[in-house]
Amino acid sequence: MAVPIAILDCDLLLHGRGHKTLDRFDLDSVSDDFLLTHFGFPRHFILYLVELLRESLSRRTQRSRAISPEVQVLAALGFYTSGSFQTSMGDTIGISQASMSRCVSHVTKALVEKAPQFITFHRALSSREQSFQEFQRRAGFPGVLGVLDCVQVPIKAPNSEDFTYVNKNCFHSVACQLVCDARGLLLSAETQWPGGLEETVILERSAVYKQLKDIEEGWLLGDCRYPLRKWLMTPVEHPESPAEFQYNLSHATTHEIVDRTFRAIQTRFRCLDGTNGWLQYSPEKSSSILLACCVLHNASLQSGLDAWTLERTEPLEQPRSLEQRPENRDRQAEELRQRLILKHFSRAQEQ
């Protein structure tokens, strides 16, 4: 049984049972440029993360040889931002590849536990009014609470051969429904969906749907894959008047914020973009890694980092329009959208 033990705990064989900590990497001994290059974040944010997660990470390792919270955080950031368990990364911080994997698991769980603290859809009147103002300054679209999108993150094929994870582009993925504000801060990130589900099905099963379907004021903006609802404004499918064209232009410019936000997340967290191989985990663990990256995105933005500093330039794939059946049309939503166009975008044409 020596071989399995060696595989599971390489550090034990390397350092012996008397080696109680793995603090061989000293944060103070390296430059800020080194930390940015290898771990994707500046020193002050890494130190903030260590303190934020210290209790949880210490609790998870108290029954075994303790890898310090600092090393665990660096190992996870190294994986999230590079997308691989390269031996060189483990060499950098002084742990084995097997320990790297355990650290990623521990940090991912700790970050997922923090998700409600960092990803929250505020419904307070003051927050709503601030959202309206920030979005309207972007492109003149009034009443916007957030912008909605559903994105795909590639994963390995599940062992169960579950075809619900095969998306419309014929690869396995988990789907993530995102809502963000005008600054790129995520208000909602639901990452647990099989990639083969339609966007409308995900929306109807989501927490956001339950939260907003009865809202009295304001709306999300969604692209043409979504149905028009009183709380979800979509583009006019066949615009005819100048006001309808202006509405669509303002809608597209505003909705682009969520596309830019996800491009920036994929660029910072290369484990999500597929360039170094798809996530080699179960759908459940892949979803947790995706949510952990969303938490890190919000935490870094709230710490003063720019949401779109690392944004890729290429746009995401253009969505196909939803073919709505007559019985699924929302007449009240259509009337609301038409009043919105006449009130806000006809006037813009006259000025």
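Q: When do two strands pair here?
A: Two strands pair if DSSP finds at least two bridges between them. Helices (H or I, at least four residues) and strands (E, at least two) are DSSP runs, numbered from the N terminus.

Q: And what kind of model is this?
A: This is a predicted model, where local features need pLDDT of at least 70, side-chain atom pairs count only at pLDDT 80 or more, and totals for chains, interfaces and linings use all residues. Residues are numbered from 1 along each chain as its sequence is written, and side-chain values use heavy atoms, leaving out hydrogens and water.

Q: OK, the sheet. What's the strand order?
A: β3-β2-β1-β4-β5. The five strands form an open sheet with mixed pairing.

Q: Which strands stand at the edges?
A: β3 (186–194) and β5 (232–233). Each has a single partner strand, so one side of each is left without a neighbour in the sheet.

Q: How do β2 and β3 pair, parallel or antiparallel?
A: Antiparallel, over six bridges. Leucine 186 in β3 is the bridge partner of cysteine 180. Serine 188 in β3 stands opposite valine 179.

Q: What about the hairpin of β2 and β3: how many residues between the strands?
A: Five. Glycine 184 in that hairpin takes a positive phi near 90 degrees.

Q: Is β3 mostly covered or exposed?
A: Mostly covered: eight of its nine residues are buried, meaning under 20% relative accessible area with a 1.4 Å probe, protein chains only.

Q: Which helix lies across β1, β2 and β3?
A: α13 (residues 283–302), at about 170 degrees to β3. Axes are lines fitted to C-alpha atoms, for helices over the stretch in contact (heavy atoms within 4.5 Å). Angles run from 0 to 180 degrees between N-to-C directions.

Q: Switching to α9. Which of its residues are buried?
A: Arg128, Ser131, Phe132, Glu134 and Phe135. Their cover includes β1 (144–154), β2 (173–180) and α12 (242–268).

Q: What comes just after α9?
A: Glycine 140, with a positive phi of about 80 degrees.

Q: Last one: at what angle do α5 and α7 pack?
A: About 95 degrees, with the axes of α5 (residues 69–82) and α7 (residues 97–113) 8 Å apart. That makes α5 roughly perpendicular to α7 (65 to 115 degrees; under 35 is roughly parallel, over 145 roughly antiparallel, the rest oblique).

Q: Which residues make the contact?
A: From α5, Gln72, Val73, Ala75, Ala76, Phe79 and Tyr80. From α7, they include Met100, Cys103, His106 and Leu111.

Key. Buried means under 20% relative accessible area, exposed over 50%, partly exposed in between (1.4 Å probe, protein chains only).
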